[in-house]
Amino acid sequence: MSTPTPPSNVNVEVSIKKEKQLVEKMKNKLKNKFTLDSIKPGRINVIVLPNNIVEVSKVAKSICFDQVSSVAGTDFPSDNEFEVVYHVACVSNSRYRNIIIEISTRIKKSETAKPVINSLYNVWRSCDWHEKETHEMLGIVFKGNPELRRVLLPEDWNDIPPLRKDYILPGR
Amino acid sequence: MSYYFNGFYKALRAALKALVTKRITLRYPDVKLNIAPGYEYDPKQGVGLPGFKGRHILFIDKCTGCQLCSIACENIAQCIEMVKSEETPSAANKKNIFPQIDFGNCVFCGFCVDACPFYAIYMTDDYELSSTEKSNLIFTPKQLATPPKRKEDLVDIKIKGRSAYHD
Amino acid sequence: MPIETFEQFIKRILTIVFWLLIIAPMILAPILFIVIESGLIEFPINPYALIAAPDLIMPIQLELMASSFFKVVVFPGFTTAALVATVMILFERKFLAKINLRVGPLYAGKFEGFLQPIADLFKLISKELIIPKKADKTFFVAIPFMLFAVVSALLSVIPIGPSTYVARSPISLLIFFAIMGFFPIIVLLAAWSSSNKFSFIGGLRALHQMISYEIPLILVAVSVVILSGSLDLYQIVIAQKTVWFIIPMFLGACIFYVASLAELERIPFDMPEADTEIVAGWLTEYSGMFFGVIQLAIYVKFYALSALFTVLFLGGWSGPGILPPEAWFLMKTLIVMVFMIIPRGFNPRIRIDMMVKIGWKYLILISIINLLIAIVAASILSG
Amino acid sequence: MINLSVEFDIKGKPSTLSLSIGPQHPGSGHFRLIITVDGDIITDIYPDPGYVHRGTEKMAEYRDYFQNIPHLERPIIIDSTGITLPFCLAIEKLMDKEAPPRAQYLRIIMAELNRIISHLYWLGIYGPFLGHTTMFMWPMGDRELFIDLAEMIGGQRVTFAYTIPGGVRNDMPENFKDKALKIFDHFERRLKEYDDIFINNPITDKRTKGIGVVKKADAIDIGLTGPNLRASNVKSDIRLDEPYCLYDELDIKNNIPVLSEGDCWARMMIRRIELHESMEIIKKALKRIPDGSVKLPFRGAVRVPEGKIFVRTEAARGVMGYYLISDGGKTPYRVKLSVPSFRSIPGMPIALKNVRIGDMPPIYWSFDYWPVEADK
């Protein structure tokens with residue numbers, strides 16, 4: 001059986017050249033409003049504070065990232081936080097089509113208020129339906145989204161948002 | 001104008017050609033499709049042998065009652081239950097427990113076959129399991145051990161000229 | 001015995017009919033005997049004498065067959081048309097199945113599912129008749145019968161043989177189109193009384209379609225009138241002794257063909273019952289035998305328009321004397337019907353605005369050109 | 001007595017009628033489009049998904065990585081390789097392993113077969129949505145040929161559970177190549193007849209050209225993917241942009257069709273061409289497929305190291321993305337599916353604006369919207 005050879009470090013350096021350029025561009029415009037988490041071939045992971053997310057994403061859009069592939073919300077009860085990740089792809093520019101920027105942010109949970117984050121609807125219209133879904137699955141309110149309505153859950157859903165970790169599937 | 005005539009003429013021609021084309025319909029209960037024999041798994045090599053994933057067959061003399069198939073089915077269909085079976089004594093299986101499969105829940109993914117290290121459970125090409133009662137779909141170890149009936153009137157798909165047909 | 005196959009179902013029905021036939025005389029015969037023997041009611045003929053001497057009943061039967069009731073209801077009226085239509089339904093299903101590369105009806109009857117129409121009939125009879133709660137019940141229930149009556153009337157003016165016709169009138173062509181004018185109204189009533197949005201849209205579509213396609217239909221018929229010099233369908237057939245009108249007026253026949261497709265709501269003109277758009281159009285709320293009757297009426301209308309095509313363009317019953325003229329007529333009509341079925345095999349549905357455009361813009365224009373052709377042809381034919 | 005809820009406005013505004021297309025309508029799936037019509041023109045569209053939501057993402061958190069395979073293919077069974085493949089790739093990437101090349105080729109073959117099966121299903125529904133009965137029966141009949149092919153490898157007719165983390169379940173049978181080439185030859189001929197009877201039919205042309213237009217800027221902006229995006233003049237295909245499964249060895253640059261119209265017709269043609277091109281890709285893959293093992297020696301429950309990854313592949317309907325978070329345990333911590341059907345919902349209000357009711361079914365179905373996939 002032939003075991004695949006792991007990619008050597010030289011190749012990795014070459015393959016993330018474009019990504020590094022893009023991060024440089026963003027850094028020039030934003031100074032230190034975001035922290036770079038990791039760069040892998042085709043993936044740029046940046047962490048931003050909830051307050052900066054609109055600004056960072058505007059810059060990301062101005063570079064080349066123009067289509068939201070997915071908005072993923074995750075519940076981290078151990079950190080008492082929600083994570084919201086926007087996976088934004090580049091579609092119009094063929095040079096950067098293999099790159100996805102992952103703009104992730106973390107919102108503190110609180111007992112009383114709903115978690116609120118600024119919606120990126122005005123930056124990318126494509127995140128509209130993903131935000132709706134995240135809203136009802138995790139209860140995160142996207143401020144600025146024109147219509148945060150119930151999309152997938154039944155109309156008479158009375159429980160807590162189902163993708164939170166403290167919601168246990170019936171029978172489990 | 002010629003665009004319309006040409007288009008309609010070609011469409012009409014294609015439709016009329018179909019009148020002399022053999023039909024693909026398989027007249028199922030009268031004839032049956034010739035399919036590959038059942039899916040098997042070779043635990044030594046670690047790969048399966050391609051085949052049809054129909055109902056399972058249990059080799060009583062090989063089954064040790066280790067429950068690995070039942071564990072593999074957990075969270076998938078949860079249709080394999082280990083039951084004590086007096087009808088099927090086996091030297092390899094001291095506790096005499098064998099899998100019993102509820103085909104009302106089974107999704108025929110074949111992961112139980114992949115899980116068995118003793119070549120004891122395979123799948124067959126038997127897909128005619130329907131029953132008017134749900135309880136009839138629960139196959140006891142003895143039922144699982146019986147090989148499926150040989151099918152007759154098997155047909156293959158044939159491609160000849162413009163038509164593909166079962167014959 | 002549970003009913004599992006179609007044969008068992010038929011057998012069960014036949015058993016019931018058989019026992020009814022046995023039991024009913026056993027109960028009815030003594031009653032009749034008492035009534036007749038007591039002289040309470042005067043019968044023209046003694047029924048028991050009829051059984052003994054069947055030749056006595058023949059004059060009555062002949063008289064019945066000569067009556068206009070028989071003509072309207074049985075031959076050449078509704079029943080004949082319904083039989084032809086039923087054969088056509090079966091043929092259409094098998095034919096389309098062939099084009100679709102599938103089998104079609106197969107299990108009802110030993111040979112290629114030829115009993116399928118009967119199976120359909122039994123199925124439709126056994127279905128529940130659902131009347132929507134908000135429907136206008138009077139109209140909703142009346143529509144199938146109205147359609148039934150109108151298509152019967154439509155058939156009455158068509159002569160299918162030199163002496164086989166229900167009614168002959170010097171203006172029978174005009175009568176035919178006058179009766180056809182009822183259809184849009186009935187369809188709209190059906191749609192409105194169903195109290196369903198999809199029905200309503202379907203009804204409006206049907207109204208648009210029938211009105212815009214009746215004009216070319218009538219214009220072509222007028223050109224035939226110019227050629228034959230008569231509004232009487234009988235005379236039109238007689239006038240085609242020398243040459244069938246399809247030869248001088250091929251263009252007109254084509255327009256008539258297209259317009260009747262639209263009039264019959266057949267693909268590619270089936271917008272009023274476009275299933276993926278508006279469920280089933282004006283038929284949405286009809287179920288069971290109501291639906292069956294409407295469908296039968298639509299197919300009888302299909303027969304009637306094909307028969308009109310035969311009369312106007314294919315020389316009616318004329319043909320070599322090896323077959324009776326009625327057989328020639330029915331054969332020609334069947335061929336026309338087959339031609340009307342073929343487009344369903346390879347065409348998608350057109351859109352309502354395209355339909356209206358074709359109707360008003362092109363067909364009317366071409367049918368006026370056809371009128372000119374008819375005038376020229378008339379002058380040539382007459383000498 | 002009669003309530004057709006026609007809103008007549010005395011101020012002379014146009015009267016409108018609101019229609020519920022679905023969830024029980026011959027022209028919809030398990031999905032509702034509430035449309036408002038003014039006469040025959042649709043003025044307002046309100047998509048309402050969610051009738052078949054099952055909580056796939058939540059349920060995936062309770063299953064281990066192998067048990068998730070039969071589970072995750074449920075949302076879209078006619079494209080089951082398309083939806084399980086990125087999941088397997090994500091696990092392999094997190095474990096920093098790569099499946100053997102033969103397995104990668106088998107995955108390509110299976111994914112492209114599934115693309116054909118899915119597109120034929122789509123074409124089979126698109127026909128009756130335009131009122132063409134024959135176009136329902138022909139693709140559905142010919143689809144059987146490809147299902148037979150897929151069954152030879154996968155052992156099942158729709159839900160194969162074929163790709164697993166670390167490779168594929170089994171090798172392909174020996175007679176697969178001959179049978180596949182024979183069937184492809186036959187189907188090429190059939191495709192020409194499809195062209196004659198339906199795709200080049202003048203009425204189909206008239207009905208689909210120029211309606212339901214989604215312009216390039218809009219298509220990118222609202223997030224359309226896959227064939228829908230390629231019909232709007234964007235050459236975006238993950239097989240090309242970010243090759244996975246050794247697609248880069250196959251030189252598929254010319255096998256990705258792009259059309260510029262962005263209308264119903266273009267979305268139809270893209271899929272029609274892809275039917276052909278997918279067969280070409282399988283032929284290329286069958287030529288180049290190397291010998292060797294088909295599976296890494298994983299057994300039982302795999303332990304995936306801690307980490308996050310976003311993997312996307314090109315399924316039949318477009319970009320299938322998985323965001324997988326592992327906490328090192330037996331089961332995934334979070335599985336987020338970004339499915340193409342869900343992303344085509346916002347395309348409908350744009351494409352359906354100001355068209356006639358009759359154009360609603362073909363436009364709706366031209367997006368190849370699969371409600372179960374969108375609702376997850």
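This passage describes the nonpolar core, one helix pair and the chain separations in a predicted model.

The largest nonpolar core of the predicted model has 293 residues, and the residues with the most contacts inside this core are Val88(A), Ile103(A), Cys112(B), Val300(C), Tyr303(C) and Ala304(C). Helix H14 of chain C, spanning residues 288-313, supplies the largest share of this core, with 16 residues. The surroundings of Cys112(B) can be given in detail: when its neighbours within four places in sequence are left aside, Cys112(B) is in contact with Cys69(B), Ala72(B), Cys73(B), Ile80(B) and Ile121(B).

Within chain C, the axes of helix H7 (residues 137-156) and helix H8 (residues 172-180) come within 9 Å of each other and cross at roughly 170 degrees. Because angles over 145 degrees count as roughly antiparallel, H7(C) and H8(C) are therefore roughly antiparallel to each other. The crossing of H7(C) and H8(C) is left-handed, and the contact is made on the side of H7(C) by Val150(C), Ala153(C) and Leu154(C), and on the side of H8(C) by Phe176(C), Ile179(C) and Met180(C). The residues of this contact of H7(C) with H8(C) comprise six that are nonpolar, with no polar and no charged residues.

With regard to the relation between chains, chain A and chain B are joined by no contact, and their closest C-alpha atoms lie 11 Å apart. Chain A and chain C are likewise joined by no contact, the closest C-alpha atoms of these two chains lying 25 Å apart.

Methods
Residues numbered from 1 in each chain as written. Chains lettered and ligands numbered in written order. Predicted model: local features only at pLDDT ≥ 70, side-chain atom pairs only at ≥ 80, totals over all residues. Axes fitted to C-alpha atoms, helices over the stretch in contact; angles between N-to-C directions. Helix = DSSP H or I, 4+ residues; strand = E, 2+ residues; numbered from the N terminus. Parallel < 35°, antiparallel > 145°, perpendicular 65-115°, else oblique. Left-handed = near helix turned anticlockwise from the far one by under 90°. Contact = placed C-beta atoms within 7 Å. Nonpolar A, V, L, I, M, F, W, Y, C, P; charged D, E, K, R; others polar. Core = buried A, V, L, I, M, F, W, Y, C linked by C-beta atoms within 7 Å. Buried ≥ 20, exposed ≤ 12 C-beta atoms within 10 Å, placed from the backbone.
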